[in-house]
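Open the model in a viewer and keep the selection panel at hand. The stops below go from one chain contact to individual strands, a helix and a loop.

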Protein chains: 4
Amino acid sequence: MKIRVYYEDTDAGGIVYHTNYLKYCERARSEIFFAKGKTPTDGDNSGFVVSHIDANFLGMAKLGDMLEVKSEVLQEKKASVVLKQSIFKDKKKIFDMSVTLVFVRDGRPRAIPEELQNFFN
Amino acid sequence: MKIRVYYEDTDAGGIVYHTNYLKYCERARSEIFFAKGKTPTDGDNSGFVVSHIDANFLGMAKLGDMLEVKSEVLQEKKASVVLKQSIFKDKKKIFDMSVTLVFVRDGRPRAIPEELQNFFN
Amino acid sequence: MKIRVYYEDTDAGGIVYHTNYLKYCERARSEIFFAKGKTPTDGDNSGFVVSHIDANFLGMAKLGDMLEVKSEVLQEKKASVVLKQSIFKDKKKIFDMSVTLVFVRDGRPRAIPEELQNFFN
Amino acid sequence: MKIRVYYEDTDAGGIVYHTNYLKYCERARSEIFFAKGKTPTDGDNSGFVVSHIDANFLGMAKLGDMLEVKSEVLQEKKASVVLKQSIFKDKKKIFDMSVTLVFVRDGRPRAIPEELQNFFN
């Protein structure tokens, strides 16, 4: 997934504001849903929520840069899945994180429904 | 209402990203609700929505600045209200706008309910 | 220019937060620069800044929607240009605005340099 | 440091968009500078940059909530400092993270200057 850096993404330091890398990763996760004709929430108050993020800020990006987000599954359990998401600028990795997503219905963790198992592969 | 400019508000130009002045004005409108013990939506799918904005960008603000938002009612009609909101930095006006808010229930304009009439005064 | 609506763009009302339409328009203006191999600022402290916006919020967009931004020049003067930018969702216009951009160098309005005249056409 | 949740902070799930907790923590770090009459960057292209974040999302916040951010130093080394920042809603912790800040000048890690040592205590 390709992402362009706009003014709104940068800060007074002239580079991308650090939390925006996490936003880019969320966009990439949502695009996996859209690409499969789904939305990230299925209307009955359930969906994946972020429970843990471990992120490394390795480089920087600036206005006009074109970035690429890559996602892979590290581990899938009954009620959660751990992804590794990395952001590249011209093949150079500038950010990576592992993110744990818990499947939740009505605010409580539940087993991932069958149709969403292995969803992020 | 006082608002501090943080990194997230600035862009690579070193100053506040232009749409953030509109955000600050929205915060000020919401604070009017919170100050009266209400929330901007009352749970039955109704509330004020922005239908028109006419904004002048008169100056600039930068990281760490403390801004002040002032709001006054220009006009109130059956289903809408027009506010003037201005942003000051050290007494100097750097932004103003008139914003038209329409009262909507289930996606359709409705008469402003009695308890919300003259609400923004 | 196509723009996807992500979680970050929506608010608790379930729809796109109103100021984000202005962000989408700014992205479209920046893309005009990128498409021509330029960046919106040319490094000598000059560029176009927003001085006035008159915006109509005509409809709404929600998570996953694919929007399209169209831009045209309404008027070009010595030191400024007025654009009309419209946002469509499935051919239906949900937002439009006229935006006045002033060319500025070192914080002061200047004549638009020759290479940026008729730039947005 | 107290932070109000506004519309802009929420998403279509009705709660605070996950990356905004990181923004709140950044605001709190900047306020430590402002409270001491400084800005987070001192003008000679130097400052603290985020190099690592390990974050736990423990609860949720919604429109109008008043949150509190608390920060403490976990460890300080020659060129970096590790903070623990926690966000509370009505005394209940809803988020915490450890964040590693590296002192950088001209893009390269440097020893923290004397006047910024023990700065976050």
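**Stop 1: chains A and D**

Start by selecting His52(A) and Asn56(D): Asn56(D), in strand E2 of chain D, is the bridge partner of His52(A). The model is a predicted one. Now widen the selection to strand E2 (residues 46-57) of chain A and E2(D), which pair in the antiparallel sense over 5 bridges.

Next, show the whole contact between the two chains. On the chain D side 14 residues take part, and they are in contact with 14 residues of chain A. Helix H1 (20-35) and strand E2 (46-57) of chain D each supply at least two residues of the side that touches chain A. E2(D) gives the most to this side, with 8 residues. Coloured by type, the residues of this side of chain D divide into 5 nonpolar, 7 polar and 2 charged.

How are the two copies related? A rotation of 180° with 0.0 Å of shift along its axis superposes chain D on chain A, at an RMSD of 0.0 Å. That is the relation of a two-fold axis. To find the axis from chain D, select Asp54(D), whose C-alpha is the nearest to it in that chain, at 2.2 Å. Of the interface residues of chain D, 100% are also interface residues in chain A, so the copies meet through the same surface.

**Stop 2: the strands of chain D**

Stay on E2(D) and add strand E5 (residues 92-105) of chain D: 11 bridges join the two, which run antiparallel. Phe48(D) and its bridge partner in E5(D), Phe103(D), are a pair to pick out.

Then add strand E4 (residues 80-89) of chain D, which pairs with E5(D) in the antiparallel sense over 10 bridges. Here Ser80(D) has Val102(D) of E5(D) as its bridge partner. E4(D) and E5(D) form a hairpin with 2 residues between them, and in its turn Asp90(D) has a positive phi of about 50°.

Last in this stop is strand E6 (residues 108-109) of chain D, joined to E5(D) by 2 bridges and running antiparallel to it. Val104(D) stands opposite Pro109(D) in E6(D). The hairpin of E5(D) and E6(D) also has 2 residues between its strands, and Asp106(D) takes a positive phi near 50° there.

**Stop 3: helix H1 of chain B**

Select residues 20-35 of chain B. At 1.5 Å a residue, the 16 residues of this helix should span 22 Å, and its end C-alpha atoms are 22 Å apart, which agrees. Buried residues of H1(B) include Tyr21(B), Leu22(B), Tyr24(B), Cys25(B) and Phe33(B). What do the buried residues pack against? Their partners are strands E1 (2-4), E2 (46-57), E3 (66-76), E4 (80-89) and E5 (92-105) of chain B, together with helix H1 (19-35) of chain C. Just after H1(B), select Gly37(B), which takes a positive phi of about 75°.

**Stop 4: a loop residue in chain A**

Finish at Asn45(A), in the loop between helix H1 (20-35) and E2 of chain A. Is Asn45(A) buried or exposed? It has 12 C-beta neighbours inside 10 Å and so counts as exposed. Leaving aside residues up to four places away in sequence, Asn45(A) touches Arg105(A) and Asp106(A). Arg110(A) is 65 residues from Asn45(A) along the chain, and their C-alpha atoms are separated by 12 Å.

How values were computed
Residues numbered from 1 in each chain as written. Chains lettered and ligands numbered in written order. Predicted model: local features only at pLDDT ≥ 70, side-chain atom pairs only at ≥ 80, totals over all residues. Contact = placed C-beta atoms within 7 Å. Helix = DSSP H or I, 4+ residues; strand = E, 2+ residues; numbered from the N terminus. Nonpolar A, V, L, I, M, F, W, Y, C, P; charged D, E, K, R; others polar. Pairing = 2+ DSSP bridges. Least-squares fit on C-alpha atoms with pLDDT ≥ 70 in both. Expected span 1.5 Å × (residues − 1). Buried ≥ 20, exposed ≤ 12 C-beta atoms within 10 Å, placed from the backbone.
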